[in-house]
Amino acid sequence: MSRTIIVSNRLPTKVQRTEDSLTFQPSEGGLATGLGSIYRQDGNVWVGWPGLFVEEESEEQHIEKELSADSMAPVFLTESEIRDFYEGFSNSTLWPTFHYFPQYATYEQAHWEAYVAVNEKFCRAVLELAGPEDTIWVHDYQLLLLPEMLRKARPDCTIGFFLHIPFPSHELIRALPWRSEMLRGMLGADLIGFHTFGYMRHFLSAVSQVLGLSSTNGQIEMANRTVLIDAFPMGIDYGRFAEVAASEAAQQHEAEYRAALRDTRVILSIDRLDYSKGIAERLRAFEVLLQRYPEWREQVSLIMVVVPSRDQVAQYAALKEEIDELVGRINAQYRTITWTPIHYFYRSFPLEELSALYRLAEVALVTPMRDGMNLVAKEFVASKADNRGVLILSERAGAARELSDALIINPTDTRQLAEAMHDALVMSEDEQEHRMASMRALVRQYDVFAWTKLFMDRLAYSKIKQLTLATEMLTPEVTAQMVEEFRAANQRLLLLDYDGTLMPFHNLPQRAKPDQELLLLLQALTADPQNHVVIISGRDRKTLQNWLGHLPLDFIAEHGVWLRPASEDWQLFQPLNNNWKQDIRPIMEMYVARTAGSFIEDKDYSLVWHYRRADVELGDVRARELLNHLTFMTSNTELQVMEGNKVIEVKTAGINKGTAAARWLAAYNPSFILALGDDRTDEDTFRALPEEAYTLKVGSGARSLARFNIPSPTEVRNLLRSLL
Ligand code: GDG
């Protein structure tokens, strides 16, 4: 039976050392609740750090045993690992970069190395538990490299990844020295999830800008599989928050607070101490409210809870000081004997008290500079059973994409924020109810259980889709069978595409000259008179002639326009004319002018627009445009428009690699056929061949008619070598 393994930096249980024993405290976090129903199921397990340093083996074993009874497996980290991997790379490099604070980011090679090493440690821990076909769901920015590491060890596992923090614009990603490794690390997954479509878009463009991989409809084609990218806004355990809010305990706390505050109206803010949360800006906006609307003095208080966090890190300590000072100054300036403008708490509260604060507050201020989602906003909404209360929400929190009935503000606009507080305080009950009810319905429907299910279903789907679309990988068994059939045959036809098949791509096509290794390989293959080796390419005949003409090869050039069978002269497939070029060339020239890096190749009987060197995204957009334009221009003519690997080509219809290959089939009647190719134009070859032919597509990508897949030109050469 296949199992599901959840992996995150921290386990959903916190293990703590007391004077004489260890305590195991389940975490209240949303993720723990949401995934509780999964990891506790038979055989499933959650892998992560238990939150304390352990030196003695006997203690490790004790912890392992206790945790395993609750479906958890610990990864023990040392103090130096936590310093360099967690506080270092995760929180001082990735966190500031992903939250648009690159000025706080450090770039320490030692931190990066620790990050790699700890990801490897997690990988080993998962591999101890994971079978070859299990499902593994990796969480968050501390483990970006893990999906790829797992993929290498368990190629057939289903791997999901979810990022809980924002994914920033590729401009920030490219500032990181280790950007390629990080993106590749994530792409080891089958499904990569983000909170919003915006983060997903940023990821796709980072992948295309940094790695040069393009995507269609949120799918990235890797060498041998497709990766799905999607948005899954995380929800909360609505039922639990509603229940706690309705509890006796929460109501009692609320009554106590209310008695102490008398009839002061309450604005609430709750965050972990972090520069991404916009806490200082919020305080300034509250001050502006008191300045602009003196009528609110002595009427409204801000209750501000800041949960201590990372205060060992310099920026956090400085932020704490800034907040302390601001609160002190504003309170000193405005307070009266009976009224305190800001009630500031630097600590956390038990859930019932937190819930009482949600109940008490008329306005919640959730105004981060950046926040992946922000669950406080949703928890406030879930706690408002009477549909009263107003949420003020930053447009830069992931939650703003869903909670559009909040008052959405720009957190740097202090005046707008102050105005929003005023508007919230004077909002009619009707309007409050209307807005709150629609937000409650949404938070209730898309709760954390719905989120988990959506992700898991989509993950299962991504695997099914891969399996149905995938052409089978060429296995050693198939190769052995093929070599055997090759040896037994006396007439063998080898149809070999050139670019992307025998040779890796080069930015400038004229640079993809055959290297010594390839020349020797082709020479050896052609030395056997039973082998008919045909180079079947889209290239012009002169280039092929110059590069390979000295070998006893056959040629199909310009996608079947020019043929050179067995050292005869070049001949045309059929008589052709070129008059059409004068109409098509100006169109292509226009696209060259509009797309830096692209150019036209003028072949004898075709015109090709190349865009491999153009900006990846711009190139894809222009290619779509040109394709539409040309398809329209050539309808009802004898021309055809073909899309290849980063090229668009126009030529006479009815001639392609397949129609040309058919002539070789007729001429030799081979008893063994092998055809290799990487792009759409090779599909014509595959289509033209009999069923028993060995047809191989190089690289994965779109659906192919080929029987097998082979990853890259390196493997192609190895395969051909095995025929010698
Ligand atoms: C990441 C992303 C994304 C806060 N104070 C107290 C308390 N809390 C609880 C809240 C809430 C949680 O902490 C904070 O929620 P966040 O949404 O900020 O989540 P994080 O885990 O910090 O951060 C974030 C999230 O992942 C989920 O994907 O939304 O954007 O940064 O649940 O209730 N809980 C108690 N007392 C407190 O004083 N009991």
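This talk covers one strand, the ligand site and one distant residue in the structure above. Keep in mind that this is a predicted model.

I'll start with strand β6, residues 135-139. How many of its five residues are buried? Five of the five are, so the strand is largely enclosed by the rest of the structure. If you look at the side chains, T135, W137 and H139 point one way from β6. I136 and V138 point the other way, and these residues too are buried. That is the usual pattern, because in a regular strand the side chains alternate between the two faces of the sheet.

Now the neighbours of β6. Strand β1, residues 4-10, pairs with β6 in the parallel sense, over four bridges. To find the register on screen, look for T4, which stands opposite T135 in β6. Strand β7, residues 158-162, also pairs with β6 in the parallel sense, here over five bridges. In that pairing H139 stands opposite F162 in β7. How does the chain get from β6 to β7, and what is the hand of the crossover? The chain goes through helix α5, residues 146-153, and this β-α-β crossover is right-handed.

Next, the ligand. There are 20 residues around the ligand, and the closest are H164, F349, D371, L375 and E379. By class, eleven residues of this shell are nonpolar, five are polar and four are charged.

Which atoms does the ligand meet through its oxygens? I have three pairs to show. An N or O atom in the side chain of E379 is 2.4 Å from a ligand oxygen. For L375 the partner is a polar backbone atom, at 2.6 Å from an oxygen of the ligand. For K277 we are back to the side chain, with an N or O atom 3.4 Å from a ligand oxygen.

How much of the ligand does the protein cover? On its own the ligand has 730 Å² of accessible area, and the protein covers 77% of that. As for where the shell comes from, three elements give two or more residues to it: β12 (265-272), α13 (351-360) and α14 (375-382).

Last, V647. This residue lies in strand β27, residues 647-652. Is V647 buried or exposed? Its relative accessible area is 15%, and the cut-off for buried is under 20%, so V647 counts as buried. From L403, V647 is 244 residues away in sequence, and the C-alpha atoms are 44 Å apart in space.

That's the end of my part.

Definitions and conventions
Residues are numbered from 1 along each chain as its sequence is written. This is a predicted model: local features need pLDDT of at least 70, side-chain atom pairs count only at pLDDT 80 or more; totals for chains, interfaces and linings use all residues. Side-chain values use heavy atoms; hydrogens and water are left out. Buried means under 20% relative accessible area, exposed over 50%, partly exposed in between (1.4 Å probe, protein chains only). Two strands pair if DSSP finds at least two bridges between them. A crossover is right-handed if, with the strands pointing away from the viewer, the path from the first strand over the helix to the second runs clockwise. A residue is near a molecule or strand if one of its heavy atoms lies within 4 Å of it. A polar contact is a pair of N or O atoms within 3.5 Å; within protein, one must be able to donate a hydrogen and the other to accept it, and residues adjacent in sequence count only if both atoms are side-chain atoms. Accessible areas come from the Shrake-Rupley method with a 1.4 Å probe; for residues, only the protein chains shown count as cover. Ala, Val, Leu, Ile, Met, Phe, Trp, Tyr, Cys and Pro count as nonpolar, Asp, Glu, Lys and Arg as charged, and the others, Gly among them, as polar.
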